Amino acid sequence: MSDHLLSTRGFTRERGVALLDLAEDMADTQHRQVKKLPTLRGTTIVNLFFEDSTRTRISFEAAAKRLSADVITFGAKGSSVSKGESLQDTAQTLQAMGADGIVIRHSSSGAAHVLATSGWTRAGIVNAGDGTHEHPTQALLDAFTIRKRRHGDDSRGRDLAGVRVVIVGDILHSRVARSNIWLLTALGASVHLVAPPTLLPAHTEGWPVTTGIDLDEAVAGGPDVVMMLRVQRERMTEAFFPTAKEYATLYGLSVARADRLPASSLVMHPGPMNRGLEIAGAVADSPRSTVLEQVQNGIGVRMAVLYDVLAGERAA
């Protein structure tokens, strides 16, 4: 059990595999006629979203409800937060209301860590995305999806040793990329980053990755997984590439590029997709695409994370 899930940095292979195995167990329960488990009955989980994200919020809501937790979803827009209430005030209010777990999504990098270490609340904290820092549950569901596609019903206990992953696009602003880098490499995969020079972080020397600026060269290398990232215009304060057309030409996963991948290669995208920019619609809808599986797998993974963070709290 863990007190919080803030990051995948520092994950060991054993911790990663254990969480993925737990997610397998949770996912299996979702094929039963009665999908709800009594595991977190009496527990109150607050979804504290300072940023919009329909799919992540709904996924966490579904996961919590299927564990029989009471769920409160708190959106910052139209709330006292938009009137100037601080994160400290909000956290202390939720503590007074008896929140056992807080799932937080925030535009500031490090917000989840601050909440977990501040002493403002005793709740277990799950990071649902903080600024350009991390999005650990997205990385977990991505790893779960890769492992499931490769090993099927024989996934339990397995890591991702030998899997070659290419992550393409807006690395600079992507918390999904960062969480995937730490988790996938902890599980034994190799990770290669491809982006325009303006969208590669300036300092990646300490990262366990290789980098490049040529997508065609990366495709020619025959990767097992190509993970396309959304171009995050809302986080861009300047022009990072001349035009959308040029970006799509050089860094979009077109039908022609996808056709040059090995037949077994997977195509991933964390969503929401900019079809025709990062990825061609026909590729996103092809059999090699795991986009909808990623969404489906997110519920079991987030059930596992909530159980991991909160079941120990309740037993204590």
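Hi everyone, this is a short tour of two helix packings and two pockets in a predicted model.

Let's start with helix H5, residues 136–151, and helix H6, residues 175–186. Their axes lie 8 Å apart and meet at an angle of about 55°, so H5 and H6 are oblique to each other. The crossing of H5 past H6 is right-handed. On the H5 side, the contact includes Pro136, Leu140, Ala143 and Ile146, and on the H6 side Val176, Leu183 and Leu184 are among the residues involved. Sorted by class, that contact holds eight nonpolar, three polar and one charged residues.

H5 also packs against helix H1, residues 13–29, at an angle of about 75° with the axes 10 Å apart. That angle is why H1 counts as roughly perpendicular to H5. Leu140 and Ala143 of H5 take part here too, along with Phe144, Arg147 and Lys148. Here the classes are eight nonpolar, no polar and four charged residues.

Now, the pockets. The largest one has a volume of about 390 Å³. Which residues are closest to its centre? They are Arg105, Arg175, Arg230, Gly271 and Pro272, out of 20 lining residues. Helix H2, 54–66, and H6 each supply at least two residues of that lining, and H2 gives the most, with three. The lining has four nonpolar, eight polar and eight charged residues.

The second largest pocket holds about 310 Å³ of space. Of its 16 lining residues, Ala27, His31, Phe144, Gln296 and Asn297 lie nearest the centre. Our friends H1 and H5 return here, together with helix H11, 291–315, as the elements giving two or more residues. H11 provides the largest share, five residues. By class, this lining has three nonpolar, six polar and seven charged residues.

Methods:
Residues numbered from 1 in each chain as written. Predicted model: local features only at pLDDT ≥ 70, side-chain atom pairs only at ≥ 80, totals over all residues. Heavy atoms only, no water. Axes fitted to C-alpha atoms, helices over the stretch in contact; angles between N-to-C directions. Helix = DSSP H or I, 4+ residues; strand = E, 2+ residues; numbered from the N terminus. Parallel < 35°, antiparallel > 145°, perpendicular 65-115°, else oblique. Left-handed = near helix turned anticlockwise from the far one by under 90°. Contact = heavy atoms within 4.5 Å. Nonpolar A, V, L, I, M, F, W, Y, C, P; charged D, E, K, R; others polar. 1 Å grid on protein atoms, 1.4 Å probe; cavity = no way out; pocket = protein on both sides within 12 Å on 5 of 7 lines; lining within 4 Å. Points joined across faces, edges and corners; volume = space filled by probe spheres on them.
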